[in-house]
Amino acid sequence: MDDTVWKSIGKPEKRLDIVEKAAGTVKYVGDLEMPSLLHAKLSTSTHAHAKIQSIDTTEAWKVPGVRAIVTGDMFPYHIGPILADRPPLAFEKVRYYGEPIAIVVADEEYRAKQAANKIIFHYEPLPVVNSVQQAFQKDSPLVHENSGQYMKIITNVYPKQGTNIGSHIKIRKGDFMSAWETCAEQITKRFSFNISDHVALETRSVRVEINPAGQVIVHTCNQSPFTIKKVLNQFFNLELGKIIVHVPMLGGAFGGKGTVQLEPLAYLASKAVGGKMVKLNYDREEDMITAPGHIGFDATIRLGANKDGKIIAGQYTFLIDSGAYTDQAAGITRAAALDCTGPYQISNVWCDSYCMYTNHPYGTSFRGYAHPELTFAVERTMDMLAKKLQMDPIDLRLMNTIKPGDTSPTQTVINASNIGDANKCILRAKELIQWDKGQVVQNGNRIRTKGVSLFWKTSTTATNAQSGVILTFEADGSVNLNCAAIELGQGTKTILAQILAEKLKMDINKIHVKMEVNTQFDPHQWRTVASSTTFLAGRAVMVAAEDAINQLKKTASIVLQCQSEDLEVGGGRVYLKPSPEYGVKIQDIAIGYKYPNGHAIEGQVLGHGKYIQRHLTPMDKETGFGKVGPWWSLGAQAVEVEWDPHDFTYKILKAVTVLDGGTIINPATATQQMRGGMYLGLSFASHEAFVFDNNGIVLNPQLRSYQIMRFGEQPEYVVDFIESPTIDGPYGARGIGEYGVIGMPAALANGLSAAAEIDLNQLPLIPELIWKAKKESNQ
């Protein structure tokens, strides 16, 4: 008998994909080549807003090897994940600089690019909507003249005809107007930043072919393979069963590959050349300005408190720069509203969250899905309110944190299972950043300063978001785990293997997980977004494991001549509970049991499991009332920076994250997740933004001019966890994937604001912006 205690939850198991990545043998979509492969390249708009008067392809057709040229009038329809407002190829007019207008398909990629550059477009320029503030004005030019007529893919999106409002989400909790009048202290502040990019290491890439049997076969780097099937079925009238999507490992995504953009373009290109496989790769500039990016944001926040600092009323107005199309920005608008207060108990809440059309590249999901944006605004306001009240910023937060028995902005009742412990998080962060040694300290000619932030996020999935898992046992007793969760660097499939190993009491090395997803074989998975995969797929793994255990016990009960309930599974065996020395190896029953006389029973163990979200509801259109997520993970973050008041430069010395994500299944990968998120949040806060000229043209569309945080600029990262398990999660786990990024911009801005003694309410926090703000404050 094997006396080994098989335990995987809570252990820093090494990632299942570590050998492939270390050896450089991982195959990405860009590695897929074949002799007959054709190449597609795009012709894109050089205007941010203009009517298309004509398209001249004469010179393009003269380039050797050109097989097809596809323009928007060949598919003059709109698609979209939430609101169908975006044509795959622009027709009639263009709405942002870099928008695709035509596709050229050729034998070689350079020939396709050469021909694409020879297409001549004649435009009639239109007035450009260059900011959300401009878009919100009543006399603003319209980006979409007929937005009220677009088809809604989901019900809770509310475009307003005759305006640039793509959706308007409301929260009405309590009586804000009456409560505001009773507040002893009131504060109103505005915050903003521009659209930016995800800058994933792997640019977007796709391969599509239509085989002779009529199957549409897609190879893509996308977080949502089943959404691709849905879009191709819904808008291109293709049979779902004939759409097969392959997704290998992704070279980073950060939400930017959660939407569907390249796949319809490549499908149109393949269709134009008789179904041959067509390759469409974005170069870096296309990936930055033609593909969807990170939303821009403008917020006005009003907080009212009593003289002791207890917040009584909060009003939040969010203008989301969705760019030319709503895409996921309509969902981000909703997500910003439902968690608008941050993790604070406020009885009277008024929120208006607007998804605004502009003539900028359109926005999509970004790690945190509205929460880095709203947290920046909320946490800056909290610091400024603390200053006005002459309170320590941490004390103000501790006084107002949300707790069991309170209600969220959408009036969901908070309990000990569906939320973490905010006070424990912020007190631990206070300790790790050594707050009590002083927030602002003179260090020679420089100033050392610290900033904190508190954050939360619920997993805003579809109310029917689900996951499925299939387990197949091998003759040696090992197990194959099949699911459609996408591996994009976060280590999800290692976590699922740990959950299965824990349930089967098995060595994790006996569990095999295929990284590539194939929708023809893998069961349905909603999407790999929203920090929801460990929760959804993890629950499905547990159900599948239970199914497999029952099958193992049934077969073993026949072999051992006992009742199934007398048996236990563990250590690669099925054995009698009262007498563990009696049992049978899993490998002897995994594909059925054969008696010495040749007779056989039962057959292969095939476990299957599924999980679907429970008891979630849409938000009420007028009040926002509803249960929109299963739980909230929350945490506290802090930074220490050294600022030079002479040239306004600074160095980030230390960054701290303390997260309550319920049970932490793998502390090593969880720590990596937090570190990666912290880097992303600090880079976004300190460097990143698109710069537009007056005509809406992006002036920094390359990594030479679009700045990100470089190697050597990263601080010391400190990560810790508080574990308050949730009843619904697998072994008590909540989602944690996005959380490292959420509070970093706010913590950095709070620290620098304290150092410079000015309010820094605009991102990115480049030295020039700090200098300008300081100069204006001295006038």
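In this predicted model, Arg-15 and Asp-17 pair through their side chains in a salt bridge, 2.9 Å from N to O. Both residues are buried. Arg-15 and Asp-17 also belong to a network, joined by shared salt-bridge partners, that includes Lys-21 and Glu-487. Across the whole structure, the search finds 35 salt bridges.

Two further pairs span long stretches of sequence. Glu-33 bonds with Lys-279 in a salt bridge. Glu-33 sits in the loop between α1 (18-23) and β1 (38-44), and Lys-279 in strand β14 (residues 278-281), so this pair ties together parts 246 residues apart in sequence. Glu-33 is partly exposed at 45% relative accessibility. Lys-279 is buried at 7%.

Arg-448 and Glu-640 form another salt bridge. Arg-448 lies in strand β21 and Glu-640 in strand β32 (residues 632-643), so the link joins parts 192 residues apart in sequence. Arg-448 is partly exposed, with a relative accessible area of 34%. Glu-640 is buried, at 15%.

| Salt bridge | Closest N and O atoms |
|---|---|
| Arg-15 and Asp-17 | 2.9 Å |
| Glu-33 and Lys-279 | 3.0 Å |
| Arg-448 and Glu-640 | 3.9 Å |

Glu-487, a member of the network, also touches Thr-492. Other contacts of Thr-492 include Ala-485 and Thr-533. Thr-492 is found in helix α13 (residues 492-504). Its relative accessibility is 6%, so Thr-492 counts as buried.

Helix α9 (residues 329-338) has ten of its ten residues buried, so the rest of the structure largely encloses it. Among the buried residues are Ile-332, Arg-334 and Leu-338. The cover over α9 includes strands β9 (165-173), β17 (311-323), β18 (348-357), β19 (363-364) and β21 (446-458), along with helix α10 (371-389).

The chain is divided into three segments of assignment: domain 1 (17-26 + 465-612), domain 2 (38-126 + 201-252 + 257-290) and domain 3 (368-461 + 631-778). The C-alpha centres of domains 2 and 3 are 38 Å apart. Eight residues of domain 2 contact ten residues of domain 3. Together the two domains bury about 710 Å², with 72% of that on carbon and sulfur atoms. On the domain 2 side, Tyr-97, Glu-285 and Met-288 lose the most area, together 63% of what that side buries. Between these domains there are zero salt bridges and one residue pair in polar contact. The domain 2 residues that touch domain 3 comprise four nonpolar, two polar and two charged.

Technical notes. Residues are numbered from 1 along each chain as its sequence is written. This is a predicted model: local features need pLDDT of at least 70, side-chain atom pairs count only at pLDDT 80 or more; totals for chains, interfaces and linings use all residues. Side-chain values use heavy atoms; hydrogens and water are left out. Domain bounds come from an automatic or database domain assignment. Contact means heavy atoms within 4.5 Å. Buried area is the accessible area (1.4 Å probe) that two parts lose on being put together, summed over both. A salt bridge is a side-chain nitrogen of Lys or Arg within 4 Å of a carboxyl oxygen of Asp or Glu. A polar contact is a pair of N or O atoms within 3.5 Å; within protein, one must be able to donate a hydrogen and the other to accept it, and residues adjacent in sequence count only if both atoms are side-chain atoms. Ala, Val, Leu, Ile, Met, Phe, Trp, Tyr, Cys and Pro count as nonpolar, Asp, Glu, Lys and Arg as charged, and the others, Gly among them, as polar. Helices (H or I, at least four residues) and strands (E, at least two) are DSSP runs, numbered from the N terminus. Buried means under 20% relative accessible area, exposed over 50%, partly exposed in between (1.4 Å probe, protein chains only). Lists of a residue's contacts leave out its neighbours within four places in sequence.
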